[in-house]
Amino acid sequence: MPRKEEGSLEWATYGYSFAERLKWIRAHRKISQEKLAELSGMHRNQISNLERNTSRERDSSADPHLSTVYELARALNVAPELLLPDTGRVPSARSAEHRGDTAFAMIEVDLTSALRQVDSRRLQSTEREIGS
């Protein structure tokens, strides 16, 4: 594992927050890892590794490519920022979402609200298409 630089990110905390968001959104969408892998063009093992915040490298946190984040967002029908922790603020050394169950419970509330908005817009769009 590389030596930690002074002032660097504690990437594992961000990876953990990403993993929790991915798992939660996938479960909320009632999509299996296998189905998400199929929809996103990935292998199920890659989805599993991301959700466990693990990498093929020993003792390393997941560090997905930006293209991976966008493929997952597309497959889950969500904005990419819903998968990314601590957006809208300057990153601190540790993910603010990694402060315990209470912190993530608040994130779940925000995610639930955001997904309801996405689903509502999708339903309205479908209804307009049917009515046309």
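**An all-helical chain, seen from α3**

Read from one end of the sequence to the other, the chain runs α-α-α-α-α. That makes five helices and zero strands, in what is a predicted model. The C-alpha trace spans about 60 × 30 × 25 Å along its principal axes. Of the 132 residues in the chain, 37% are buried. Contacts also reach across the sequence: taking those between residues at least 6 apart, 66% join residues at least 24 apart.

Helix α3 is a handy place to start. It covers residues 44-51, and I47, S48, L50 and E51 are its buried residues. Looking down the axis of α3, these buried residues fall within an arc of 165 degrees, so they line one face of the helix. The cover over them includes α1 (11-28), α2 (33-40) and α4 (66-76). Just after α3, the backbone does something worth a glance, with N53 adopting a positive phi of about 55 degrees.

L50 gives a residue-level view of this packing. It sits in helix α3 and, with a relative accessibility of 6%, L50 counts as buried because the cut-off is under 20%. Setting aside neighbours within four places in sequence, L50 is in contact with F18, A19, L22, A62, P64, T68 and L72. For a sense of scale, L50 and E81 lie 31 residues apart in sequence, and their C-alpha atoms are 16 Å apart in space.

Next come the helix pairs. The axes of α2 and α3 come within 8 Å and cross at roughly 115 degrees, and the two helices are therefore roughly perpendicular to each other. On the α2 side, the contact is made by Q33, E34, L36, A37 and S40, while α3 brings in R44, I47, S48 and E51. Three of these α3 residues, I47, S48 and E51, also belong to the buried set of that helix. As for handedness, α2 passes α3 in a right-handed crossing.

The α1 and α4 pair is set up another way. Here the axes come within 11 Å and cross at roughly 20 degrees, which makes α1 roughly parallel to α4. F18, L22, I25 and R26 of α1 meet V69, L72 and L76 of α4. The crossing of α1 past α4 is left-handed. Some names recur here: F18 and L22 of α1 and L72 of α4 take part in this contact, and F18, L22 and L72 are also among the residues that touch L50.

Helix α1 also holds the aromatic story, and a brief one, as the count comes to one aromatic pair. The partners are W11 and Y14, which are stacked, with 6.0 Å centre to centre and 15 degrees between the planes. The stacked label applies because planes under 30 degrees apart qualify. W11 and Y14 are three residues apart in helix α1, so about one helical turn separates them. With 3.6 residues a turn in an α-helix, residues three or four places apart point the same way. The two rings' residues do not share an exposure class, though: W11 is partly exposed, with a relative accessible area of 34%, whereas Y14 is buried at 7%.

How values were computed:
Residues are numbered from 1 along each chain as its sequence is written. This is a predicted model: local features need pLDDT of at least 70, side-chain atom pairs count only at pLDDT 80 or more; totals for chains, interfaces and linings use all residues. Side-chain values use heavy atoms; hydrogens and water are left out. Buried means under 20% relative accessible area, exposed over 50%, partly exposed in between (1.4 Å probe, protein chains only). Helices (H or I, at least four residues) and strands (E, at least two) are DSSP runs, numbered from the N terminus. The arc is that of the directions from the helix axis to the C-beta atoms. Contact means heavy atoms within 4.5 Å. Rings of Phe, Tyr and Trp (its six-membered ring) pair if their centres lie within 6.5 Å; planes under 30 degrees apart count as stacked, over 60 as edge-to-face and the rest as tilted. Axes are lines fitted to C-alpha atoms, for helices over the stretch in contact, and angles run from 0 to 180 degrees between N-to-C directions. Angles under 35 degrees count as roughly parallel, over 145 as roughly antiparallel, 65 to 115 as roughly perpendicular and the rest as oblique. A crossing is left-handed if the near helix is turned anticlockwise from the far one by less than a right angle, and right-handed if clockwise.
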